[in-house]
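Work through the exercises below with the sequence and the model in view. Try each task before reading its solution.

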Amino acid sequence: MTDRSSYLDLIRELVKGDPEAYRQRCEQLDEEGWDELGLVVGAAFFLAVRQHFGPATTTSAVITLVAETRAAMAGTGFDLNPTVAEQLLTSATTGDIEALEAVEPNLIIESEMLLLWQLLRARTDSELAGFLAEVEVLAEQWSREE
């Protein structure tokens with residue numbers, strides 16, 4: 001099993017709003033490499049969306065979550081492209097990724113990270129730890145399927 005703990009810690013630090021730890025983790029990853037960030041963030045995003053919405057959702061619920069996320073980020077210097085965010089959320093619930101094929105991979109990861117912050121920030125430390133353990137298992141499974 002590949003050690004993905006740095007990526008999982010990065011998500012934890014983002015969600016818990018620890019900017020200093022997040023900055024230090026980014027510096028560590030600058031040295032070690034970011035090779036599997038997309039895999040881990042994608043797995044976390046998929047699980048968080050599925051847990052939030054269940055197996056299906058409405059367009060209205062997707063739009064509402066994107067609007068709430070953008071409002072919560074007001075004044076932080078971060079912004080979320082609403083079209084990309086809605087496409088990401090919809091594809092995570094439907095499995096249809098066709099709409100994302102033209103979107104730059106870095107924009108996908110950045111958008112998923114911002115949405116993860118919104119989806120996970122209310123979780124307790126123990127809930128987040130359990131969630132990240134599930135992410136680790138899914139990321140390993142996905143890496144074997146590639």
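**Exercise 1. Decide whether Arg121 is buried, partly exposed or exposed, and find what it touches.**

Step 1. Residues count as buried under 20% relative accessible area, as exposed over 50%, and as partly exposed in between, with a 1.4 Å probe and only protein chains considered; because Arg121 has a relative accessibility of 39%, it counts as partly exposed.

Step 2. Arg121 is placed in the loop between helix 6 (105–120) and helix 7 (125–145), where helices are DSSP runs of H or I with at least four residues, numbered from the N terminus.

Step 3. With contact taken as heavy atoms within 4.5 Å, and residues up to four places away in sequence not counted, Arg121 touches Val15, Lys16, Ala72 and Leu116.

Step 4. Phe78 stands 43 residues from Arg121 along the chain, and the C-alpha atoms of the two are separated by 16 Å.

A note on the source: this is a predicted model with residues numbered from 1 along each chain as its sequence is written. Local features need pLDDT of at least 70, side-chain atom pairs count only at pLDDT 80 or more, totals for chains, interfaces and linings use all residues, and side-chain values use heavy atoms, with hydrogens and water left out.

**Exercise 2. Work out which residues Ser6 contacts, and whether Ser6 and Glu32 are buried or exposed.**

Step 1. Ser6 lies in helix 1, while Glu32 has its place in helix 2.

Step 2. Ser6 counts as buried because its relative accessibility is 11%, whereas Glu32 counts as exposed because its value is 53%.

Step 3. Setting aside neighbours within four places in sequence, the contacts of Ser6 are Arg25, Gln28, Leu29 and Glu32.

Step 4. For Glu32 and Ser6, which are 26 residues apart along the chain, the separation of the C-alpha atoms is 9.4 Å.

**Exercise 3. Find which residues gather with Glu32 in a patch of negative charge on the surface.**

Step 1. A charge patch joins like charges within 9 Å, using residues with over 30% relative accessible area and no salt bridge; Asp and Glu count as negative.

Step 2. The patch brings together Asp3, Asp30, Glu31 and Glu32.

Step 3. Asp3 sits in the segment before helix 1 (5–15), and it is exposed because its relative accessible area is 62%.

**Exercise 4. Trace salt bridges formed by Arg12, Glu13 and Asp79, and describe how open to the surroundings their members are.**

Step 1. A salt bridge is a side-chain nitrogen of Lys or Arg within 4 Å of a carboxyl oxygen of Asp or Glu, and by this rule the count comes to eight salt bridges.

Step 2. Arg12 is bridged to Asp9, with 2.7 Å between the closest N and O atoms; both lie in helix 1, three residues apart, which is about one turn of the helix. Arg12 is partly exposed because its relative accessible area is 31%, and Asp9 is also partly exposed, at 21%.

Step 3. Glu13 and Arg25 meet through their side chains in a salt bridge at 2.8 Å, N to O. This pair links distant parts of the chain, with Glu13 in helix 1 and Arg25 in helix 2 (residues 19–32), 12 residues apart. Glu13 is buried because its relative accessible area is 12%, and Arg25 counts as buried at 16%.

Step 4. Asp79 and Arg70 form a salt bridge whose closest N and O atoms are 3.2 Å apart. Asp79 counts as exposed at 54% relative accessibility, while Arg70 is partly exposed with a relative accessible area of 33%.

Step 5. Elsewhere, salt bridges with shared partners join Arg4, Glu36, Glu140 and Arg144 into one network.

**Exercise 5. Establish whether Phe131 and Val137 are buried or exposed.**

Step 1. Phe131 lies in helix 7, and Val137 is found in helix 7 as well.

Step 2. Phe131 is buried because its relative accessible area is 2%, whereas Val137 counts as exposed because its relative accessibility is 53%.

Step 3. Leaving out neighbours within four places in sequence, Phe131 is in contact with Ala44, Leu47, Ala48, Gln51, Leu120 and Arg123.

Step 4. Ala48 is 83 residues from Phe131 along the chain, with 8.3 Å between their C-alpha atoms, and Val137 and Ala43, 94 residues apart in sequence, are 9.1 Å apart from C-alpha to C-alpha.

Conventions:
Patches are made of residues with over 30% relative accessible area and no salt bridge: like charges are joined within 9 Å, nonpolar side chains (Val, Leu, Ile, Met, Phe, Trp, Tyr) within 5 Å. Accessible areas come from the Shrake-Rupley method with a 1.4 Å probe; for residues, only the protein chains shown count as cover. The place of a charge is taken as NZ of Lys, CZ of Arg, CG of Asp or CD of Glu. Helices (H or I, at least four residues) and strands (E, at least two) are DSSP runs, numbered from the N terminus.
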